[in-house]
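Here are my notes on the model, set out as numbered points. Please read them with the coordinates open.

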Amino acid sequence: MKTLTVYVKDQPYPIYIGEGLLEQLPALLREYQIETDRKLMIVTDSNLAPLYGEKLKNRLVRAGYATGFAIMEAGEKSKNLHVFEQLVGECLRFGLDRQSIILALGGGVVGDMAGFLAASYMRGIPFIQLPTTLLAHDSSVGGKVAVNHPLGKNYIGAFHQPLMVVFDVRCLKTLPLRQWRSGMAEVIKHGFIWDESFAKWLDDHRNELFAVDSEAAVEAIYRGCEIKAAVVAQDERETGIRAILNYGHTIGHALEAVSRYQVYTHGEAVSIGMAGAARLSAKVLGTGLDVVHYTEQLLEAFELPVASTRSWSVPAMLDAMKRDKKVKQDKYVFVLAKALGEVKIVSDIPETEIRDVLGELVPN
Ligand SMILES: NC(=O)c1ccc[n+]([C@@H]2O[C@H](COP(=O)([O-])OP(=O)(O)OC[C@H]3O[C@@H](n4cnc5c(N)ncnc54)[C@H](O)[C@@H]3O)[C@@H](O)[C@H]2O)c1
Ligand SMILES: [Zn+2]
């Protein structure tokens, strides 16, 4: 098991990463002085309930905790206020009070929903993240929690830091391959924005990572969380440097929007977005073409896309970027690569440069 601490203002919290940690959860709770007089509520989704949720509930009950169990339908479409209200009802019926703790067992969808539930139920109660997807190494650090509105993703949310994050890498064995690759895009992103040697390490350990070898998975998640935590600790509320975590996301979000979230997973869209950001960096900052080539090579090695095979309207993508608040006075804000492992925020990119890059990424 590896442990790291996230230094946020209210209360620093630990992230535990290791094999079989869900089995050790009662012991971890006791170690953290969470006594059995506090009620727990597991929030999970319909895929994870039979795989891990029921066993976890039984284990916690055996350990003496009164434990409720709320299941949401799996998938992004459940991350809305209607499902939120149903979950509030479950918490009320189970008698959760301000001392109770919500356990978010799942990927980013459950983490965002259960985290937002914890942030708002009775004006805020504690929660623990139990991530089950590789992508959730990203979403479980940083305290951003949210649900979607019909007009856009994550428009209703809060900052609410968990008590702790307990990442049992054994769960990753059942994760569908496409979801695994998608999560890898965010892991690779952490290398691209912060640490060239981590990107190279991922490259070197590709086979172990594809085999979901526990040791390699623990290391990749540990480094990914560590980088995200380092950025978040400097800028908890995203007033400055935290925005570098959006590397690849400006184009990525635009692709997700024009395809109505039906074509790409988040990681696939971000992968194409990072390939685009690298190209834009070469045009705008004069970054070496070796960075562009290495970016594409590493993403492709993890079977991630670096361009779209489907055609989308470039003006529609630019409109989506405008809605995504990435534009100030007609100049676009992008996170660009100066080198491998080093990025900066550039806020005055003319539309023509972006148009060119989008034209290269999507066939017309
Ligand atoms: N809060 C943040 O900082 C942040 C950051 C990045 C992404 N997000 C959010 O995360 C969400 C995406 O998260 P995700 O990619 O983890 O998606 P997800 O939670 O929908 O999980 C993907 C699918 O895999 C299934 N699944 C999860 N774990 C499994 C396992 N171990 N075995 C088998 N199946 C499993 C789920 O049931 C689901 O069908 C988006 O809503 C995004 O907005 C939030
Ligand atoms: Zn992302």
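**Notes on the predicted model**

1. K228 sits in helix α9, which covers residues 214–234. The model is a predicted one, and the values below are computed from it. Is K228 buried or exposed? Its relative accessibility is 8%, below the 20% limit, so K228 counts as buried. Leaving aside residues up to four places away in sequence, K228 touches D138, V141, H190, R242 and L245.

2. The zinc ion (ligand 2) has three donor residues to check: E186 through OE, H249 through NE2 and H266 through NE2. The coordination distances run from 1.9 to 2.1 Å. Along the sequence, the donor residues of this ion follow the spacing E-x62-H-x16-H. E186 belongs to helix α6 (residues 177–194) and H266 to helix α11 (residues 266–285), so this pair ties together parts that lie 80 residues apart in sequence.

3. Two of the zinc donors can be set side by side for accessibility. E186 has a relative accessible area of 1% and is buried. H266, at 22%, counts as partly exposed.

4. The protein chain is divided into domain 1 (2–174) and domain 2 (177–361). Taken over C-alpha atoms, the centres of the two domains are 27 Å apart. How many residues of each domain are in contact with the other? On the domain 1 side there are 26, and on the domain 2 side 30.

5. The size of an interface is often given as the accessible area lost when the parts come together. Between domain 1 and domain 2, the buried area is about 2,600 Å². Carbon and sulfur atoms give 68% of that area.

6. Helix α3 takes in residues 81–94, 14 residues in total. From its first C-alpha to its last it reaches 20 Å, close to the 20 Å expected at 1.5 Å a residue. At the N-terminal end, N80 acts as the cap of α3, with a side-chain oxygen 3.0 Å from the backbone nitrogen of H82. After α3 comes G95, which has a positive phi, near 80 degrees.

7. Which residues of α3 are buried? They are V83, F84, L87, V88, G89 and C91. These buried residues pack against three strands, β3 (40–45), β4 (67–72) and β5 (101–106), and against helix α4 (108–120).

Definitions and conventions. Residues are numbered from 1 along each chain as its sequence is written. Chains are lettered from A and ligands numbered from 1 in the order in which they are written. This is a predicted model: local features need pLDDT of at least 70, side-chain atom pairs count only at pLDDT 80 or more; totals for chains, interfaces and linings use all residues. Side-chain values use heavy atoms; hydrogens and water are left out. Helices (H or I, at least four residues) and strands (E, at least two) are DSSP runs, numbered from the N terminus. The expected span of a helix is 1.5 Å times one less than its number of residues. Buried means under 20% relative accessible area, exposed over 50%, partly exposed in between (1.4 Å probe, protein chains only). Contact means heavy atoms within 4.5 Å. A polar contact is a pair of N or O atoms within 3.5 Å; within protein, one must be able to donate a hydrogen and the other to accept it, and residues adjacent in sequence count only if both atoms are side-chain atoms. Donors are N, O and S atoms within 2.8 Å of the metal (3.2 Å for Na, K and Ca); water is not among the atoms, so sites may look incomplete. Domain bounds come from an automatic or database domain assignment. Buried area is the accessible area (1.4 Å probe) that two parts lose on being put together, summed over both.
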